[in-house]
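Opened a new model today and went through it with a few simple lookups. Notes below, in the order I made them.

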Amino acid sequence: MNLITPPAPHIHSGNRVSSMMTKVILALIPAIIAYTWFFGWGLVINTAIAVTTAVASEALMLRLRRRRLAPFLGDGSAILTGMLLAFSIPPLAPWWITVLGAAFALIVGKHLYGGLGYNPFNPAMVGYVMLLISFPREMTAWMHPYILEQLEIGFTDTLGMIFLGHYPYDLSLDALSSATPLDLVKTELGTNNTVSEIMANNALFGDFAGTGWEWVGNWLLLGGVLLIYQRVITWHIPVAILSTLFVIGSFFFLADPDTYPSPLFHIFGGATLIGAFFIATDPVSASTTPRGRIVYGIGIGVLIYVIRTWGGYPDAVAFAVLLMNMAAPTIDYYTQPRVYGHPGGKA
């Protein structure tokens with residue numbers, strides 16, 4: 001009797017791309033609500049623009065590549081890319097900024113490499129970095145929560161600013177926007193102010209990071225922990241990034257607190273938490289071996305601190321992720337787990 005055994009794997013984990021993407025999207029919702037509460041309707045509008053553009057770009061490229069639309073459009077990857085990109089764009093950015101970034105992310109960052117599973121870089125970060133380098137003025141105009149409270153800017157006002165460039169009370173974009181907490185600290189330190197003086201004399205700052213940003217960070221942290229609990233992502237990359245940033249930040253803060261902000265400022269300021277849980281953990285462009293994920297996360301944490309502190313870009317999460325995306329294949333090669341029967345670890 002001949003027993004024919006099909007090739008492995010024999011047991012399916014139950015995880016599908018569509019279900020994983022859905023869980024990640026749902027984990028972002030509380031942070032989106034908090035972001036909207038503090039920074040207005042801009043994120044909601046930008047998300048709608050980015051998601052629509054991302055799905056349309058995905059459909060266009062699938063048509064050009066003669067692929068079926070249904071399985072790829074239904075996996076949720078284009079929607080998630082649009083949402084992550086929208087999170088990275090200032091709330092009052094002109095609509096064409098969001099359209100251009102989402103189209104670039106899907107077409108250049110994803111499909112020119114072969115589509116989902118073949119892209120070496122995180123598509124959302126590819127689109128964001130392109131926008132940041134090409135349109136620095138539009139990409140650094142962020143709104144402070146107290147401006148929203150004073151001017152009572154609503155949904156209709158935000159639509160007019162994004163699509164028509166009509167600003168309330170005859171104000172301009174420069175009058176409504178301000179630097180991010182990371183950018184302000186970096187700029188003011190160059191004028192011989194101490195960190196404590198900068199944070200004490202500006203309403204932009206909360207308890208240890210930016211007003212509003214701290215609460216958004218709390219919900220991103222909660223969503224990330226939920227993803228780990230649901231086994232959508234593993235703990236290795238987020239823990240490695242946050243631990244590395246905390247250790248390095250603590251070292252410099254204890255050595256010179258007047259020049260270097262606290263480690264919590266680095267963790268809850270900017271895109272650190274969304275980068276650690278939702279961007280760096282991309283299963284396609286990140287490292288895949290257990291030890292490799294830790295090395296990959298440590299590299300991102302080091303690069304974030306180095307670029308923020310001594311580089312030209314205050315946030316640096318996108319650049320750190322893209323640089324480590326380049327190193328991921330090499331990291332995986334040298335961190336392969338031991339294979340049963342092969343003491344050297346390679347089959």
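**Surface patch**

I looked for greasy spots on the outside first, and found that Trp95, Trp96, Leu100, Phe163 and Leu164 form a nonpolar patch on the surface, with about 480 Å² of accessible area together. Note to self: this is a predicted model.

Which helices supply the patch? I get α5 (95-107) and α8 (155-164), each giving at least two residues. The largest share, three residues, comes from α5.

I then picked out Phe163, which sits in helix α8. Buried or exposed? Neither label fits: Phe163 has a relative accessible area of 38%, so I log it as partly exposed, since buried means under 20% and exposed over 50%.

**A helix inside**

Next I checked helix α15, residues 272-279. Eight of its eight residues are buried, so the helix is largely enclosed by the rest of the structure. The buried residues of α15 include Leu273, Ile274, Phe277 and Phe278, and also Gly275.

**Two domains**

I split the chain into domain 1 (17-178) and domain 2 (180-334), following the assignment. Their centres, taken over C-alpha atoms, are 21 Å apart.

How many residues are in contact across the two? I have 32 from domain 1 and 26 from domain 2. Between them the domains bury about 2700 Å², with 82% of that on carbon and sulfur atoms. On the domain 1 side, Ala27, Asn122 and Met125 supply 17% of the area buried against domain 2, more than any other three residues.

Last lookup: salt bridges across the interface of domain 1 and domain 2. The rule finds zero.

Methods
Residues numbered from 1 in each chain as written. Predicted model: local features only at pLDDT ≥ 70, side-chain atom pairs only at ≥ 80, totals over all residues. Heavy atoms only, no water. Patch = residues over 30% accessible without salt bridge, like charges linked within 9 Å, V, L, I, M, F, W, Y side chains within 5 Å. Areas by Shrake-Rupley, 256 points an atom, 1.4 Å probe, with all protein chains shown as cover. Salt bridge = Lys/Arg side-chain N within 4 Å of Asp/Glu carboxyl O. Helix = DSSP H or I, 4+ residues; strand = E, 2+ residues; numbered from the N terminus. Buried < 20%, exposed > 50% of the residue type's maximum accessible area, 1.4 Å probe, protein only. Domains from an automatic or database assignment. Contact = heavy atoms within 4.5 Å. Buried area = accessible area lost by both parts, 1.4 Å probe.
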